[in-house]
Amino acid sequence: MEISSSVNFSKCYQRLFQLLKFCSSIRSLDTTKSLHALSITLGPNSNQPIFLFNNITTLYASLGHLSTARKLFDKMPDRNVVSFNTMISAYSRSGYVEEAWELFSMMRDYGLLPTQFTIGGLLSCQSLDICGGSQLQALVMKNGLFFSDAVVGTALLVLYGRHGCVNEAFSIFNDLPKKNSVTWNSIISLFGHNGFVKDCMLLFRQVLKMELPLTELSFLGILCGFEGEQDLELGEQIHSLVIKKGFVCEVSVANSLLSMYVKCANICLAEELFEEMCARDTISWNIIIGAEAKNKNPIKALEHFLKMSMEGLVPNSTTFVNVIASCTILHFPVFGESIHAKTVKNAFESDVFIGSSLVDFYAKCHKLEDAHHCFDRIYEKNLVSWNTLILGYANHHPGNASSLLKEMLQLGYRPNEVTFSSLLISQLAIELRQLHSLIVRMGYGHDEYVQCSLMNSYAKNDLITDALVFVTACYCPLAVAPSNVIAGIYNRSGEYYKTLKLLSTIEEPDTVSWNIALSACARAGAYKEVFELFRHMLMAQLCPDNYTFVSLLSACSKLCNLALGSSVHGLMVKADFNLCDTFVCNILIDMYGKCGSLENSVKVFDKMTDRNLITWTALISAFGINGYAYEALERFRQMDSLGFKPDSVTFIALFTVCRHAGLVKEGMEFFRRMSGDYGVEPEMDHFHCVVDLLARYGHLKEAEQLISSMPFAPDVIIWRSFLEGCKQDRTVGSFKQLDI
């Protein structure tokens with residue numbers, strides 16, 4: 001009878017072991033429950049092997065059912081080291097450090113000695129602090145586990161690295177008597193993430209010299225450290241090694257290479273690698289889409305997103321954030337709204353990052369109601385969400401922005417320097433002083449960013465004295481940014497000497513400081529000083545930007561110095577002409593026109609992809625100045641057909657063209673259409689041009705009638721033009737008819 005029972009028991013356990021093997025390969029909750037149920041039907045038996053319970057516990061824990069795993073652990077008739085290690089590791093992986101530590105203490109109370117896997121499990125817990133790690137370090141030093149193999153030492157190294165203690169981590173690495181490939185990968189990755197590229201490379205070369213087996217993690221660790229153009233050559237060397245060692249088709253390694261090229265500012269190589277990748281996942285697409293968006297290529301970013309969708313890959317929150325950012329750059333409402341619909345379909349609308357991106361998109365497309373709706377849909381708002389909506393309202397409805405600040409404070413959110421700077425964009429004088437008081441009370445009165453915004457806001461409200469108080473109220477020299485703001489106020493007020501005097505007190509002026517000085521000299525007509533200052537700026541090893549080039553080109557225009565202007569253009573091309581915006585290109589067209597090089601004006605115009613009304617006006621003016629009146633008028637007709645509505649400056653350019661070429665009929669036709677067809681009311685400057693046109697070419701009666709019909713009193717310039725016309729016509733009869 002006993003033999004038969006033993007045989008049946010043995011058969012049951014054979015079935016259990018088969019089911020255990022099956023469960024381990026399938027890893028599903030149903031199969032794990034079936035295995036657990038079968039073990040229960042056998043009844044409590046001291047002969048039941050502990051490893052069966054350990055494995056069932058492991059299966060529950062790996063499926064995320066920690067509470068069930070713990071119940072089974074507590075009901076086990078007996079436990080060994082593996083039982084405790086299983087639960088400690090499970091709790092540690094889930095971040096439950098207190099529960100893991102409690103079991104560790106219980107294990108020691110049971111008289112069981114912790115192994116390297118016990119300590120390794122505890123140290124891997126993301127919630128474990130330095131204090132707990134130090135205690136475990138002392139224990140492993142005492143019981144010899146630190147010296148037995150590399151597991152414990154590597155886990156300690158990772159713990160210290162996770163908390164930013166690089167020196168302590170490196171000390172652990174040096175003290176380790178036994179190191180494996182995981183240890184080396186961990187220290188390389190730690191140095192890489194902390195920007196120690198040279199040390200990272202030295203360690204990686206040691207790995208190669210020792211002929212340790214390279215893994216995916218080896219390359220991931222080294223590649224994460226490359227972050228600038230200076231690291232590109234090293235990155236390309238690692239890329240060659242990746243190909244040589246056969247890891248180029250591993251998606252994680254290829255993604256790291258892709259990210260490296262993006263961070264090293266070589267988008268062309270990144271695009272090339274992306275097209276050559278053996279396989280691409282969502283992370284691959286996110287890297288290239290994000291790179292194109294940040295590199296001011298939003299159209300390419302959107303094209304990649306469409307290709308990603310066609311390949312059947314599901315976008316995640318990072319994808320949507322980058323795509324929405326691209327739509328924001330383009331101010332492309334239709335496509336942005338379709339992306340919004342996709343976020344709703346994928347249940348991402350309440351995500352704080354996507355929601356904040358949508359708020360920014362709609363606010364910049366001037367759809368504030370939609371922006372507010374997206375804001376309301378965010379489940380857990382953060383400071384970025386509030387700041388984005390406040391900035392949107394501040395640009396168009398400052399009253400609503402102030403109401404949002406009150407609501408924000410009532411809900412317990414604490415505004416920061418970005419909040420206050422956004423609110424200061426368009427505050428009226430009374431509200432400005434109230435907001436200034438709140439800024440001081442909340443401790444942001446001495447924040448450079450907020451100080452600059454306050455000074456600009458006071459200046460916009462013509463409260464120059466209040467803005468300049470910051471200079472006298474500060475006991476120590478102002479920092480660079482606030483000094484630049486004050487210098488800018490002086491410059492706009494035409495106080496040339498005060499501008500330069502203030503800027504001369506800055507110990508380390510930045511590009512903005514130099515740009516203000518260049519602008520001040522150009523405004524004051526000190527054109528030679530502009531280029532002298534620019535020479536000093538280059539000697540200080542500061543790179544010129546678009547604002548620098550605007551001042552230089554303006555000086556060239558005033559000097560009518562084509563050679564100098566061409567040299568500046570050459571410098572712009574050398575510095576990367578693609579970075580020059582529409583405004584700079586407009587100034588370039590104007591400069592070439594005024595310097596008599598119409599051909600170059602047309603070349604710059606033809607190469608521009610983003611033209612605005614000022615671009616067309618500059619070109620029309622360039623044709624007119626150089627005697628090509630009919631071509632200028634033809635360009636105006638092209639501009640009109642493309643839907644660009646002329647403004648007051650455009651009409652001054654047209655009247656000037658007609659005046660130089662004697663096109664009286666065409667000029668008067670433009671004057672008639674000015675208010676009738678385009679809704680632009682004539683101002684004094686327009687009357688100057690038209691009266692001069694009529695008087696210069698002998699149409700004195702029409703000039704007289706125009707002067708009489710002016711909605712405001714004619715000024716000295718108009719009378720001078722009329723008198724010059726009379727003089728040319730040798731007619732004095734007109735004087736008698738006028739009541740002068």
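The legends below describe several close-up views of one predicted model, beginning with the whole chain.

**Figure 1. The whole chain is built of helices, with 45 of them and zero strands.** Helices (H or I, at least four residues) and strands (E, at least two) are DSSP runs, numbered from the N terminus, and residues are numbered from 1 along each chain as its sequence is written. In this predicted model local features need pLDDT of at least 70 and side-chain atom pairs count only at pLDDT 80 or more, while totals for chains, interfaces and linings use all residues, and side-chain values use heavy atoms, with hydrogens and water left out. The radius of gyration (taken over C-alpha atoms) is 37 Å, well over the 27 Å that the globule rule (2.2 Å times the number of residues to the power 0.38) gives for 740 residues, so the chain is more spread out than a compact globule. Its C-alpha trace spans about 145 × 60 × 50 Å along the principal axes. Of the 740 residues, 46% count as buried, where buried means under 20% relative accessible area, exposed means over 50%, and partly exposed lies in between (1.4 Å probe, protein chains only).

**Figure 2. The confidence of the prediction varies along the chain, from helix H45 to helix H38.** The pLDDT, which is the predictor's confidence in each residue on a scale from 0 to 100, averages 86 over the chain, and 92% of the residues score at least 70. Among the elements, helix H45 (residues 733–737) has the lowest mean pLDDT, 49, whereas helix H38 (residues 613–625) has the highest, 94. Over residues 1–7 the pLDDT is below 50, and this stretch has zero contacts (heavy atoms within 4.5 Å) beyond near neighbours in sequence.

**Figure 3. Trp-101 and Phe-104 form a tilted aromatic pair.** Rings of Phe, Tyr and Trp (its six-membered ring) pair if their centres lie within 6.5 Å, and planes under 30 degrees apart count as stacked, over 60 as edge-to-face and the rest as tilted; by this rule the count comes to 31 aromatic pairs. In the pair shown, the centres of Trp-101 and Phe-104 are 5.9 Å apart, with 55° between the planes. Because they are three residues apart in helix H6 (residues 97–109), Trp-101 and Phe-104 are separated by about one helical turn. Trp-101 counts as partly exposed, at 25% relative accessibility, whereas Phe-104, at 3%, counts as buried.

**Figure 4. Phe-655 and Phe-671 form a tilted pair between two helices.** Their ring centres lie 6.2 Å apart and their planes meet at 50°, so this pair is tilted. Phe-655 lies in helix H40 (residues 648–661) and Phe-671 in helix H41 (residues 664–676), so the pair ties together parts that are 16 residues apart in sequence. Both Phe-655 and Phe-671 are buried, and they belong to one aromatic cluster that also includes Phe-636, Phe-651 and Tyr-678.

**Figure 5. Ile-238 is one of the residues that touch the most other members of the largest nonpolar core.** A nonpolar core is a set of buried Ala, Val, Leu, Ile, Met, Phe, Trp, Tyr and Cys residues joined through side-chain atoms within 4.5 Å, and the largest has 141 residues. Leaving aside neighbours within four places in sequence, Ile-238 is in contact with Met-201, Phe-204, Phe-219, Ile-222, Leu-223 and Phe-226. Apart from this core lies another, of 73 residues, among them Met-639, Phe-670, Phe-671 and Leu-693.

**Figure 6. Two arginines, Arg-79 and Arg-611, each lie over an aromatic ring.** A charge sits over a ring if NZ of Lys or CZ of Arg is within 6 Å of the ring centre and within 35 degrees of the ring normal. Arg-79 lies over the face of Phe-73, at 4.7 Å from the ring centre, and Arg-611 over the face of Phe-605, at 4.2 Å.

**Figure 7. Ala-347 and His-366 are residues other than glycine with a positive phi.** For Ala-347, in the loop between helix H21 (333–345) and helix H22 (352–364), phi is near 60°, and this residue counts as exposed at 64% relative accessibility. His-366 lies in the loop between H22 and helix H23 (368–377); its phi is also near 60°, and at 58% relative accessibility His-366 counts as exposed.
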